[in-house]
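Please look through the structure shown below, and keep it in view while you read. The paragraphs that follow walk through some of its parts one after another.

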Number of protein chains: 2
Amino acid sequence: MTSATRHETSRTLLMDKIRAVLGPGAVLENPAEIQGYCTDARRKFHAPALCVCKPRDTAEVAALVKLLHAHGWPMLPQGGNTSLCGGATPDDRLPVIVSTERLNKLRAVDPFGLTVAADAGCTIAQLQAAAAAEGLLYPVSLGSEGSCQLGGTIATNAGGTAVLRYGTTRANTLGLEVVLPDGRVLDMMRALHKDTAGYDLKQLFIGAEGTLGIVTGAVMRLYPATPAIGMCWLRIAGPAEALELLQLFRRHAGRSLTAFELMNAQQLANVLDHGSHAAPVEGREGWHLMVELADTASADLDTLMVGILEQAFEAGLVLDGSIAQNLTQAETMWAIRHSVTESNARVGVSITSDTAVPVARVPEFIARATDAAMQVHPGILVTVVGHVGDGNIHFIALFAHDLWAALPDRQAVETQVRNAVNDIAIALGGTFSAEHGVGQTMTGLMERYKTGPELDLMRALKRCIDPDGLMNRDRVIGPAA
Amino acid sequence: MTSATRHETSRTLLMDKIRAVLGPGAVLENPAEIQGYCTDARRKFHAPALCVCKPRDTAEVAALVKLLHAHGWPMLPQGGNTSLCGGATPDDRLPVIVSTERLNKLRAVDPFGLTVAADAGCTIAQLQAAAAAEGLLYPVSLGSEGSCQLGGTIATNAGGTAVLRYGTTRANTLGLEVVLPDGRVLDMMRALHKDTAGYDLKQLFIGAEGTLGIVTGAVMRLYPATPAIGMCWLRIAGPAEALELLQLFRRHAGRSLTAFELMNAQQLANVLDHGSHAAPVEGREGWHLMVELADTASADLDTLMVGILEQAFEAGLVLDGSIAQNLTQAETMWAIRHSVTESNARVGVSITSDTAVPVARVPEFIARATDAAMQVHPGILVTVVGHVGDGNIHFIALFAHDLWAALPDRQAVETQVRNAVNDIAIALGGTFSAEHGVGQTMTGLMERYKTGPELDLMRALKRCIDPDGLMNRDRVIGPAA
């Protein structure tokens, strides 16, 4: 036999074994059928996979991983495939994609412990609905919540719009079940709010983007529902005023402050000019702030909101403002915020940052990033949208489609913009990845910005837990140096 | 030279080098001087140390650790030495104690980012005061807060009475600076609320009890101050009523619910009979609940508290109750809660558990643990105090001093009680260590209750980060099997 034939034979044998482990209907091989699993959400990356496996429970995941481990075959865990960094798309080694989409059972909601235990393949919307049915709240909220899965949000430590109040996905993860790269199951499905019995192993897998194991289940925190909502849209002079308002709201609204979202006039124009949204306030000039308060039913948030805004106007912090009079008006404001990505795509090509800086440095970051981007190309439409209360600013260098098409070296321009913006964030004590993860698009930035001891330790952990390098290889920390 | 002489010579050489690294006055060797560092807070454990080193900054810690690493000499990081599990007391290998007490600088308070950066040797009281000076709150609160240090609370992921609202120390740690066992410094002092740039390495060191490195600094979360306080003491029939009241308070007080502490009549009697505290309500029978609400200044918590208690009385959940009318009365209630350990020591000898179970299982846990303890010895005074909103119950088997002295085999009785109580917690999905850590007293329980894959991975991490086993050896995971 030639080497190629031997390789082909071993692949055929492996496929037979995979089908034997999972049974009929759980393995997709047809290239047309698996096309969607091999391409990322933004259609920037594509690579073939050996097959897509859809195990039905944790035991099947474990059996499959044990088999692949025995064969030394690479594997890629995949949830809702909504990564913005190509983190869930195959590399060039023909991995087996382990889809969690059939791990979709809600295991238990505990209204006393305020916890939900669920399979990793449940969508975030499914968790939100299960909590709401018990008068409770699943706090993580993000644009892709209808399709992204619990396991994926844990693997990427997803953020979103409610981090200000409820923290990141990590902060809301109490228990975890993980299939290790050799197929052993790490059962840490404890629904406990405090546990100091040894190293907290689950933390390793949160934010590891599937490079250390496959998350198959989790116990997440819930909160009392907050049916009382107060919401406003404010036009302001700039980011410095946003910070002053943040302090005012914190002082008077305390922990009912739930969202505090900033955008510049360009971002609002992108949405209003390319959609059917009503303008939330009359003018567009300056900057815009969307603030949400939420609390349990007994709270009078209208009075609170009016009182805070009176002080804000008196202090000269607000140019114009509007308070949502009902839930529909509040939803209209949220719809503008959630249309950002889609609207920007209509306007042109976005080079989007996922930077965070200490909150106090936000105005300086935005000013310096704007200057730096304009120096790369004066035709950039500087578009800013961000979770300003977390210091997480998406600074977007937007090129109109015709301008972008006319650029002689698009890749060079993209790299120049990214490095310029991220250099400033890092210089201000920030990060180049606040909530999107690293995936494949940002491994170069890991090399650029992380210290030697950090990179060394990350690589040592990868070798310790996945010595054969089988799990989502080369993502997050990149190829070993 | 004999082997003993060679050993003596190498020790003398090492001591010379240590003194050269740290300079005069930073190294204590006199057995009388280092006695307090070699004995634990409860005076149960004592072992000698080579010396106690008091570096002044991170660079000195790094230089010292590098030296000890080069000599293969064991070391023990020590903060305020308040461990309840012997976690900060030397083993029998004559380690160098690395005290963080002179690392006591507050580095920066950021009122916009709501963060404080501080050296590991700052006390929790120091952090609380620094936050209060800016109108802010450092949320971690525990009995030893006047002497325990930030680094120690991070190393043990300390809990306390405010976890219900603000989470554990882990949840409040944003940035970390760690000296690794080979003396390299891991600088992760980022004051960011969101960061998904690679593995979150700081999580490894939180709760590792100094077995993986020495925490030298941290960035912690702060919150808006909550000067508005509402507090009540309720006498109730039992733990099941406590859970119903928990739900009532959550529904109506939302996130202003800050403390929810349960104790049984025996615990209250221990305090009232051995101190000068005024009784918070008239009767003692049944169970007692202390509830604190706290919010920003504009909140009217009196009205809220009265409204909730009206519902509670109507629903028959409360036998008797009293609302604190001013701050002094509120402090009186807290004083009872904080006198628990001291009062119990007057009554007798405590075999204290640090169990947590899912909140819904608290009544069943207490009932079964009571039965099990009484079967071990019918003379036990069952004393219960706990953070019931977190499911964290300290079940205390209390032996009057004369009864304890008369026991033929005290060690056997202690082991029987511990195993009986912890077996029940584990069977209910709980933990034997909720907030005190493992230290040296609970490593046997790690073997008893943790699964093989968990223990294997913990040991693999220890080997990965501290291959020579120099850092606080044998604590947490015990000697390698």
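In this predicted model, B:Asp474 counts as partly exposed, because its relative accessibility is 29%. B:Asp474 is placed in the segment after helix H17 (452-465) of chain B, and it has a positive phi of about 70 degrees although it is not a glycine. To see why such a value deserves a remark, it helps to know that most residues other than glycine have a negative phi. In chain A, a residue in the segment after helix H17 (452-465) of that chain, A:Asn472, can be looked at in a similar way. A:Asn472 also has a positive phi, of about 40 degrees, without being a glycine, but this residue is buried, with a relative accessible area of 4%.

How can chain B be laid on chain A? A turn of 180 degrees and a shift of 0.0 Å along the axis bring chain B onto chain A with an RMSD of 0.0 Å, and that is the relation of a two-fold axis. The same surface serves both copies, in that 100% of the contact residues of chain B recur in chain A.

We can turn next to a sheet in chain B, keeping in mind a general point about sheets. Strands of a sheet pair through backbone hydrogen bonds, and they do this either in a parallel or in an antiparallel way. The sheet in chain B is an open one of four strands, with the order S1-S2-S4-S3 and with mixed pairing. Its edge strands are strand S1 (27-28) and strand S3 (75-78) of chain B, each of which pairs on one side only. Strand S3 of chain B pairs with strand S4 (residues 96-99) of chain B in the parallel sense, over four bridges, and within this pairing B:Met75 has B:Val96 in S4(B) as its bridge partner. Helix H3 (residues 58-70) of chain B packs on the sheet, where it touches strand S2 (51-53), S3 and S4 of chain B, and the direction of the helix makes about 155 degrees with that of S3(B).

In chain A, strand S4 (residues 96-99) contains A:Ser99. Is A:Ser99 buried or exposed? A:Ser99 is buried, with a relative accessible area of 1%. Leaving aside residues up to four places away in sequence, A:Ser99 touches A:Tyr37, A:Val52, A:Cys53, A:Lys54, A:Pro55 and A:Gln78. The C-alpha atoms of A:Ser99 and A:Ala26 are separated by 10.0 Å, while these two residues are 73 residues apart along the chain.

Two hairpins give examples of the antiparallel sense of pairing. In chain A, strand S5 (residues 106-110) and strand S6 (residues 115-119) pair in this antiparallel sense over four bridges, and A:Val116 in S6(A) is the bridge partner of A:Val109. The hairpin of S5(A) and S6(A) has four residues between the strands, and in it A:Leu114 takes a positive phi near 55 degrees. In chain B, strand S8 (residues 173-179) and strand S9 pair in the antiparallel sense, also over four bridges, with B:Leu176 standing opposite B:Met188 in S9(B). S8(B) and S9(B) form a hairpin with five residues between them, and B:Gly183 in the turn has a positive phi of about 95 degrees. Strand S9 (residues 185-188) of chain B has a covered face, made of B:Leu186 and B:Met188, and an uncovered one, made of B:Val185 and B:Asp187.

Helices can also pack on one another, as a pair in chain B shows. Helix H9 (residues 265-273) and helix H12 (residues 340-347) of chain B pack at an angle of about 85 degrees, and their axes are 8 Å apart. That angle makes H9(B) roughly perpendicular to H12(B). The contact is made by B:Gln267, B:Asn270 and B:Val271 of H9(B), together with B:Val340, B:Ser343, B:Asn344 and B:Val347 of H12(B).

The last topic is the cysteines. A disulfide is a covalent bond between the sulfur atoms of two cysteines. How many disulfides does a search of the whole structure find? The search finds zero disulfides over all chains, and two residues of chain A help to explain this result. A disulfide requires sulfur atoms within 2.5 Å, but the sulfur of A:Cys38 is 9.9 Å from the closest cysteine sulfur, in A:Cys51, which is too far for a bond. The sulfur of A:Cys85 is likewise too far for a bond, because the closest cysteine sulfur, in A:Cys148, is 14 Å away. A:Cys38 is buried, with a relative accessible area of 2%, and A:Cys85 is buried with a relative accessible area of 2%.

Methods. Residues are numbered from 1 along each chain as its sequence is written. Chains are lettered from A and ligands numbered from 1 in the order in which they are written. This is a predicted model: local features need pLDDT of at least 70, side-chain atom pairs count only at pLDDT 80 or more; totals for chains, interfaces and linings use all residues. Side-chain values use heavy atoms; hydrogens and water are left out. Buried means under 20% relative accessible area, exposed over 50%, partly exposed in between (1.4 Å probe, protein chains only). Copies are superposed by least squares on the C-alpha atoms of residues with pLDDT of at least 70 in both. Contact means heavy atoms within 4.5 Å. Two strands pair if DSSP finds at least two bridges between them. Axes are lines fitted to C-alpha atoms, for helices over the stretch in contact, and angles run from 0 to 180 degrees between N-to-C directions. Angles under 35 degrees count as roughly parallel, over 145 as roughly antiparallel, 65 to 115 as roughly perpendicular and the rest as oblique.
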